4 protein chains.
Amino acid sequence: MARPLSEEKREAILTAAVDLVAAQGTGAPTAKIAKEAGFAEGTLFTYFATKDDLLNELFLEIEAELAAALLDDYPTDGSPYERTRHIWSRLIDWGAANPAKRKTIRQLKVSDRVSEASRCRASGLFEEIVGRLEGNLAGHVSTEYDAAYVSAILDTLAETTLEFIMRYPDKREHYKRAGFDAFWRGIAR
Amino acid sequence: MARPLSEEKREAILTAAVDLVAAQGTGAPTAKIAKEAGFAEGTLFTYFATKDDLLNELFLEIEAELAAALLDDYPTDGSPYERTRHIWSRLIDWGAANPAKRKTIRQLKVSDRVSEASRCRASGLFEEIVGRLEGNLAGHVSTEYDAAYVSAILDTLAETTLEFIMRYPDKREHYKRAGFDAFWRGIAR
Amino acid sequence: MARPLSEEKREAILTAAVDLVAAQGTGAPTAKIAKEAGFAEGTLFTYFATKDDLLNELFLEIEAELAAALLDDYPTDGSPYERTRHIWSRLIDWGAANPAKRKTIRQLKVSDRVSEASRCRASGLFEEIVGRLEGNLAGHVSTEYDAAYVSAILDTLAETTLEFIMRYPDKREHYKRAGFDAFWRGIAR
Amino acid sequence: MARPLSEEKREAILTAAVDLVAAQGTGAPTAKIAKEAGFAEGTLFTYFATKDDLLNELFLEIEAELAAALLDDYPTDGSPYERTRHIWSRLIDWGAANPAKRKTIRQLKVSDRVSEASRCRASGLFEEIVGRLEGNLAGHVSTEYDAAYVSAILDTLAETTLEFIMRYPDKREHYKRAGFDAFWRGIAR
DNA sequence: GATGAATGAGAATTCATTCAT
DNA sequence: GATGAATGAATTCTCATTCAT
């Protein structure tokens, strides 16, 4: 059996970790995470051998969730513009709906506790998305931009756009559109 | 005065802090920072009352340096495009030349140890730049984009571009140009 | 429960604290206290959240023990003189038997680490004794002396008497009697 | 020259020490004491080789001042009762006028930083007073009480009385009289 | 499997003292 | 003689991890 322990409890710990890492960074104590999850300190270590393991799995879990969200309900039949917009839309919607997870990812991305291996695996999770993006943009993007760079730009513009959306929630649709416009025009041939 | 508090030593501590915070995050021990700077543990605290003070001052110091770098040698006579490009160019050059400082800023930006007050003061340091940017782009930018958002996009694109430059140093000029193009086209009317 | 917090261990820490605070004052290191109690440094803090908590609880614990000792085996049927003497006798006996606790109490009483709240609660522990003293002395004491002042005099004379007893153990009974005589005569109408 | 350094500055440091030791105990930092006295940290150590020296000299200085105060204006011609009362009166007056010094003495008396030697020398300062007390009381005191014990009782009753005077300043004369009455009657034959 | 007490290696400070200026 | 920066040992407290129950 791959995972004999209760998946439910494992998730409870990861959920608690999201909140605490978002608020306090990777320095958040395992004891607090365990308590927030409703467990005793020691229990955390039956689900994650070390704190670093927890942090790395947390990272991968959120990245996987995000990757899945981006492709959910993907309009295979849509135009390249529509398909690209769909990914952007999901990016913004998921980010707006999960501010703590976004904050946690930002913390983890700058932490040396997340291993190179984890970062690689996380990259892998987005391979399909990058591939689709590449396909969608084939006729639109300038030759200056390779797929990885385009993806990174999309991601970073979404991040910035989300910051403005969090600051001015009333202008959510405005920034969502403006952000995508900047992307679409920016990379255009 | 016996020995005056030397600005030189203060800078030595900040310099050591840059390296260690870049590598280990805000959790880097003050003892290590002091030792790296060539001082005894206690000496750090004659220059910075608390670790939080050190972190906040470090943040402001780097931000101030960056802000100054962006306007250095600013081509007042240039065209709006040239002036904007100049800021972009400085952003990329400073970033490429100071990877540890960039990493440190990223660490500090996600840390709750950097106070709201420090963040405000840091914002203030970029006011003039944002103002000039706004002036430069007056005739170019789409009405969708307010000055703050434009500045944030410029900054985030530079950050992303720098990541690619660090990864592929050979393609520095390529990415530098491509990144600016994306910006200039992206926000265009 | 894994291992329950044991009252026994808590007492061991308090006992160690008595010895060290008596000898070194409230500056006695928690590490030494823990080691003297037979524990690792950190263990102390699972029983007392902070050193101040330890000190305050130590204070209250000793005061409670003393208060209990004074009323132990109290001769309800005795004459007022006998009953008052009984309290004096207990005071002296407890003090002579517990020199370290006496020393510790003296240290704690002059320390600003013992809170006003703790002092109040300690006062409360002696309320019954003060009340009984007042009743016992009703027919004997001069109107000059209120109950609180009488109690304070009894206490301070006992303290002084104990110092002489410690210095000249052979004369214990002599000083014990002489001290009480001074009290009884001193406050007489 | 016995003391080549400025006596004035030495006194300034001792005065500052009184306030700080009264408030914070012997743990009061030398740096704070120096600053309160108007000097730099290091200057303190040209007047007192170590903190322990400062503490011991502080102790002796205050004890000497008190001893002198008790005999000031001593009524050589008065009756034994009057002469004894005079000492009591001085004790109370000095104590009421110098609460910080009293508090400091209490701190120092329980501190292991005041050496046995200092305690002996302090005792010596009161020898004359004890002698006079003995003479005064020759015809009055019960044989139960040796001179040292009588002196200690006088001192401790004064201390207790002063506490009540500080708490109820309106009743100063009442407690001052009542305290002495308790002493005088208490030790009487 | 769950619990949480026990552990001890750090971590940030503090502070008496020294000594270059 | 005065100054106060420099020092590093000592202190309180935290926390990941272990393991007896």
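## Polar contacts and salt bridges between chains A and B

Across the interface of chain A and chain B, 26 residue pairs, both at pLDDT 80 or more, are in polar contact (a pair of N or O atoms within 3.5 Å, one able to donate a hydrogen and the other to accept it, with residues adjacent in sequence counted only if both atoms are side-chain atoms). The model is predicted, with local features requiring pLDDT of at least 70 and side-chain atom pairs pLDDT 80 or more, while totals for chains, interfaces and linings use all residues. Residues are numbered from 1 along each chain, chains are lettered from A in the order written, and side-chain values use heavy atoms without hydrogens or water.

Two salt bridges are counted between chain A and chain B (a side-chain nitrogen of Lys or Arg within 4 Å of a carboxyl oxygen of Asp or Glu). One such pair is Arg185(B) with Glu144(A), at 3.3 Å from N to O.

## Extent of the A–B interface

In this interface, 31 residues of chain A contact 31 residues of chain B (heavy atoms within 4.5 Å). The buried area is about 2,500 Å², with carbon and sulfur atoms giving 54% (accessible area, 1.4 Å probe, lost by the two parts on being put together and summed over both).

## Relation of chains C and D

A turn of 179° with a shift of 0.0 Å along the axis lays chain C on chain D with an RMSD of 0.2 Å (least squares on C-alpha atoms of residues with pLDDT of at least 70 in both). This is the relation of a two-fold axis. The C-alpha of chain C nearest the axis belongs to Gly186(C), 1.8 Å away.
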